[in-house]
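Visitor: I would like a close look at a single part of this model. Please take one helix and work outward from there.

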Amino acid sequence: MTNPTESTPTGPARPTAEVLHYTAFPAGPTGGNGAGVILDASGLDDAEMVAIAAELGYSESAFVTAGPDPDDGRSFTLRFFSPKAEVGFCGHATVATAVALGERLGEGEFGFHTAAGHVPVTVREDNGTLKATLTSVEPYVHDAAPSDVTEALAALGWQPGELDAALPARIAFAGVRHLVLAAATRERLADLDYDFDRLMKLMRRLDLTTVQLVWRETPTVFHVRDPFPVGGVVEDPATGAAAAAFGAYARDLGLVPANARLILHQGHDMGRPSLLEVDLHAGDARIRVTGAASRIRQDRQLR
């Protein structure tokens, strides 16, 4: 893949970037989370990538360069930028990138090298739709400090009694960190009107990417919402990184068997219905997250 350039009257040629527009994890024609995918970011510096992500306005965009092995045509380096800054890992942009590459290079295995670590991804066709399954880096889960939970609830405008006592607050990581808070009712989850700046301040202090708010419908079906103020976004309609972290959370709390598939519904309350499949395998700490992705807009060049 080549990176086109243009000549300017005042200086040497500068790079342009071809942006592909995808939605990942859609559960319908208006669903999923949009992502810009730049398949050749080799001519872009950090400031240019932030500027492109800000112009696109998606919660994250993926910037692709060659992987560390020049002889491996299915190995790539991925960096992710929100409209504000670089993000260590982004699940929905990973899925979007994998499907974009799968359309060009065919189904099969890809290796993505990210700031969080190596993320293998498998692309396959399912009833005429390309789906991608990412395998997370090794996750961890630890207790959340009671004072931090109290501050998070205050920022959200939630009361302690509105939490599900069977699903205690935890910090979960599967590439980036998320605070998991479980609502006791679907109505509590649906009513989201939070203090953007207050929650952002807490998240920056705790190095959180999102706060994952969940409600358990059945033992394996959950509804989730993900405020993302640190990325300059009120809410993410589909969050693959948080889904992987939640899989680790569910395993750590013993909520599911060693081999399990969880279904996460996200984005419904903001009119962007999304579906994320989360698989846990006995003997493997890593979490697998599967979703579809499809093109949503005409591609264009950004300068």
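Is α6 mostly covered or mostly open, and how many of its 13 residues are buried?

Guide: Mostly covered: eleven of the 13 residues of α6 are buried. Keep in mind that this is a predicted model.

Start with the helix itself. α6 runs over residues 240-252. From its first C-alpha to its last it reaches 18 Å, close to the 18 Å expected at 1.5 Å a residue. The buried residues are Gly 240, Ala 241, Ala 242, Ala 243, Ala 244, Ala 245, Phe 246, Gly 247, Ala 248, Tyr 249 and Ala 250. Just after the helix, Gly 254 takes a positive phi of about 70 degrees.

Now follow Ala 241, one of those buried residues. Ala 241 is in contact with Phe 89. Phe 89 sits in the loop between β7 (86-87) and α2 (91-105). Is Phe 89 buried or exposed? Phe 89 is buried, because its relative accessible area is 2%, and the cut-off for buried is under 20%. Setting aside neighbours within four places in sequence, the contacts of Phe 89 also include Phe 80, Thr 94, Thr 114, Ala 116, Val 119 and Leu 134. Ala 174, Gly 175 and Val 176 are among them too. Glu 109 is another matter: 20 residues from Phe 89 in sequence, it lies 19 Å away in space, C-alpha to C-alpha.

Phe 89 and Ala 241 also meet at a cavity. A search of the whole structure finds one cavity of 30 Å³ or more. About 60 Å³ of space lies in this largest cavity. Its lining has 14 residues, and those closest to the centre are Glu 60, Phe 89, Cys 90, Thr 239 and Ala 241. Two elements, α2 and α6, give two or more residues each to that lining. By class, the lining has six nonpolar, six polar and two charged residues.

Turn next to the largest pocket, with a volume of about 210 Å³. It is lined by 14 residues. Glu 86, Val 87, Leu 208, Thr 209 and Val 230 lie nearest its centre. The elements that give two or more residues to this lining are β7 and α5. Seven of the lining residues are nonpolar, four polar and three charged.

Beside the pocket-lining Leu 208 in the numbering, look at the backbone of Asp 207. Most residues other than glycine have a negative phi. Asp 207 has a positive phi of about 55 degrees. Asp 207 is in the loop between α5 (196-206) and β14 (210-218). Asp 207 counts as exposed because its relative accessibility is 55%, and the cut-off for exposed is over 50%.

Phe 25 makes a useful counterpart. Phe 25, also not a glycine, has a positive phi of about 65 degrees. Phe 25 is found in the loop between β3 (17-24) and β4 (33-38). Phe 25 is buried, with a relative accessible area of 0%.

Finish with the strands that come after the helix. β17 (residues 260-266) and β18 run antiparallel, joined by seven bridges. Gln 266 has Ser 274 in β18 as its bridge partner. β18 (residues 274-281) is mostly covered, with six of its eight residues buried. Mostly covered is also the verdict for α6, where the tour began.

Methods
Residues are numbered from 1 along each chain as its sequence is written. This is a predicted model: local features need pLDDT of at least 70, side-chain atom pairs count only at pLDDT 80 or more; totals for chains, interfaces and linings use all residues. Side-chain values use heavy atoms; hydrogens and water are left out. Helices (H or I, at least four residues) and strands (E, at least two) are DSSP runs, numbered from the N terminus. The expected span of a helix is 1.5 Å times one less than its number of residues. Buried means under 20% relative accessible area, exposed over 50%, partly exposed in between (1.4 Å probe, protein chains only). Two strands pair if DSSP finds at least two bridges between them. Contact means heavy atoms within 4.5 Å. On a 1 Å grid over the protein atoms alone, a cavity is a set of points where a 1.4 Å probe fits but cannot get out, and a pocket is an open set with protein on both sides within 12 Å along at least five of seven lines; lining residues have an atom within 4 Å of a point. Grid points are joined across faces, edges and corners, and a volume is the space filled by probe spheres set on the points. Ala, Val, Leu, Ile, Met, Phe, Trp, Tyr, Cys and Pro count as nonpolar, Asp, Glu, Lys and Arg as charged, and the others, Gly among them, as polar.
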